[in-house]
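Here is a protein to explore together, one feature at a time. Please keep the view open beside the text as you read.

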Amino acid sequence: MIISLARSRIRSRVVALVVAVTLSAAGAVTVAATEAAAAAGSENEGADCVVPGLPSEGSLPTNSRLPDPFRKMDGTRITTKSEWRCRREETKRLAERFVYGEKPPKPAGVMGTVSNSNITVNVSHNGRSSSFSASVSLPGGSGPFPAVVVLGGFGADTAAIRSAGAAVINYDPYAVGREGTPRNNKQGAFYSIYGSSSSTGVLVAWAWGVSRIIDVIEQSGGNILKADATGVTGCSRFGKGAFVTGAFDQRITLTMPIESGSAGVPIFRGIPGEGAQSLSSAYGEQPWLGDAFGSFTSSPNRLPVDTHQLVAMVAPRGLFIMDNPHIANLGPRSASVAALGGAEVYKALGAGANITYWSDVQDGTHCANRSEWRTPLQQNIQKFLLNTGSAAGTIRISSRAQGNLAEWRDWQTPTLGDSGGDTTAPSTPGTLAASNVTVGSATLTWAASTDQGGSGLAGYNVYREQGATDPQLGQSTTNSTTLTGLTANTQYQVYVRARDGAGNLSGNSQPVTFTTTAGGSGDTSPPTAPAGLAASGTTRPRARPWAGRPPRTTTASPATTSCARPARAVARSPRSAPRPRPRTATRA
């Protein structure tokens, strides 16, 4: 096990000031207890937060201003940076319930392979399974490499990404969530697991697919691709997908949506007044958004969240939003307001240098590679994926489509305290034991830790000892947990760390080692062969009057013959997946 501070110095300082985050999940680098995770290492760090009951649709008030991102659901505002972790979880739950549909947590079984040219993903959950793959293009030099997932073949300049030293993962989102399907019969790998009538929209399905790719990279050992340095990008509809992907998976260190349009970055409340693609059109064109959003297409002021809060969900991680001010249908003015509103959360968390919004470009072609973006693209890759740069982000809004945040908010940005002053780690968890080990699960118990700094014991993180990076296998709020989704017939060495309400982490418990059983029940020995076979109670068959006669034949009528005729097999060649291509400017 290695305790490493090798991740970005900028992010280390930022997050140490920022969030009482849960440290690391699969593939994240473990850092010292006094430094919060340099790069978020858990798909959802707020999964253990207690969230009040969500409001019903009928109880939602009308509010023409952007919701206050700092106001908790109980009506109080956060006052410390450590509170953002659970406030972000509230935002996530509201966004799932009313906008995008639920993004389920990691399925029970995720396995796959990583090679120099390909990633395979195999998922199993609740008796259902699905699979998909993505191609890999490595840069020059020796790995392991950070990687940028490019949705649908359209995103940030892939040549520039590789020349900067990052790999490109070409991911076909249609394999996971197809377009052109009715809402009650959605198709793709996500819906094969969760059902074709799932109320989750395809943007979250696409995001789920990227998360499963990251799971496989984490399990691969990090020999080809780094498990803790992943970016995501896409343009137009794939820009919508990249934006949602980065907001919902905190392992992504750099999110780069381009010209995402309605259902992407632009605030929902601003779209009707700007002349962008209408919400009803975006909702009806494809099942991008969750089914529940249909109730808000003509009344976005009733939404309890807006996209500036999705921008904030990415904080304090790297975010580079690229936009086109020349096409009003893309909603660039509303997108700039979303960026400005979300940037207020970045600033409050001490991470204002980690967000860039750039719409000041000359070329108005949809999804073009623009020279104005080349330098900030390289700087963001260096800073968040390669750990070789420290350039500050910038807000460059074109005068052609400049939004004014003051017109959209009635709240002010608070000055957040630094985690309430608690910098003392909890005590180290006691003796760790494993029991009930099966083919894919194991139960762990340990002696409880105690809080020593006053912020309260928040729970425990469970890690697998795996060399350069120790992936997080689970979390618990008590001193026991059952790990699921383990690989059959595999040895695991795991340890536990306690965390408190301020994000401080204890030392590592003593590890425990166990081996999961083989496939099936683990029993590979067949039973003994049956013996003493005997027959009894036999009788003589009774003769039948027609015995020996040939069966009577009849001539079938044409109708009977037609009904009995077997269907003729028609050989069909496999239908290739549609080649993704950018839509016209009128449909982002």
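The paragraphs below visit the sheets, then the disulfides, then the pocket and a cavity.

A word on the ground rules comes before the tour. This is a predicted model, in which local features need pLDDT of at least 70 and side-chain atom pairs count only at pLDDT 80 or more, while totals for chains, interfaces and linings use all residues. Residues are numbered from 1 along each chain as its sequence is written, and side-chain values use heavy atoms, with hydrogens and water left out. Helices (H or I, at least four residues) and strands (E, at least two) are DSSP runs, numbered from the N terminus.

Let us begin with the sheets. Strands of a sheet pair through backbone hydrogen bonds, either parallel or antiparallel. Two strands are taken to pair if DSSP finds at least two bridges between them. Ten strands make up an open sheet with mixed pairing, in the order 1-2-3-5-4-6-7-8-9-10. Its edges are strand 1 and strand 10 (395-396), each of which pairs on one side only.

At one edge, strand 1 (109-114) runs antiparallel to strand 2 (residues 118-125), and six bridges join them. Within this pair, T113 stands opposite T120 of strand 2. The turn from strand 1 to strand 2 is a hairpin of three residues. At the other edge, strand 9 and strand 10 run parallel and are joined by two bridges. There, Y357 faces I395 in strand 10.

A second open sheet has three strands in the order 11-12-15, paired antiparallel. Strand 11 (432-435) and strand 15 stand at its edges with a single partner strand each, so one side of each is left without a neighbour in the sheet. From one strand to the next, the twist averages 20°; the strand axes are lines fitted to C-alpha atoms (for helices, over the stretch in contact), and angles run from 0 to 180 degrees between N-to-C directions. Strand 12 (residues 442-446) pairs with strand 15 over four bridges, in the antiparallel sense. One bridge there matches L444 with T481 of strand 15.

Now look for the cysteines. A disulfide is a covalent bond between the sulfur atoms of two cysteines. In this model, the sulfur atoms of such a pair must be within 2.5 Å, and a search of the whole structure finds two disulfides. Counting bonded cysteines along the chain, their pattern is 1-2, 3-4.

One disulfide joins C49 to C86, with an S to S distance of 2.1 Å. This link is left-handed, with -80° about the S-S bond. C49 lies in the loop between helix 1 (9-18) and helix 2, and C86 lies in helix 2, so the pair ties together parts that are 37 residues apart in sequence. Is each of these cysteines buried or partly exposed? Buried means under 20% relative accessible area, exposed over 50%, and partly exposed in between (1.4 Å probe, protein chains only). C49 is buried at 7%, whereas C86 is partly exposed at 29%. Helix 2 itself is mostly covered, with 14 of its 17 residues buried. Just after helix 2 comes G101, with a positive phi of about 90°.

The other disulfide is formed by C235 and C367, whose sulfur atoms are 2.1 Å apart. This pair links distant parts of the chain, 132 residues apart: C235 is in strand 6 (residues 225-235), and C367 is in the loop between strand 9 (355-358) and helix 11 (371-386). The link of C235 and C367 is left-handed too, with -100° about the S-S bond, and both C235 and C367 are buried.

Finally, turn to the empty spaces. On a 1 Å grid over the protein atoms alone, a cavity is a set of points where a 1.4 Å probe fits but cannot get out, and a pocket is an open set with protein on both sides within 12 Å along at least five of seven lines; lining residues have an atom within 4 Å of a point. Grid points are joined across faces, edges and corners, and a volume is the space filled by probe spheres set on the points.The largest pocket holds about 1100 Å³ of space. Among its 41 lining residues, E43, K106, Q472, L473 and G474 are the closest to its centre. Helix 2, strand 1 and strand 15 are among the elements that each supply at least two lining residues. The second largest cavity, with about 90 Å³, takes three lining residues from helix 11, its largest share.
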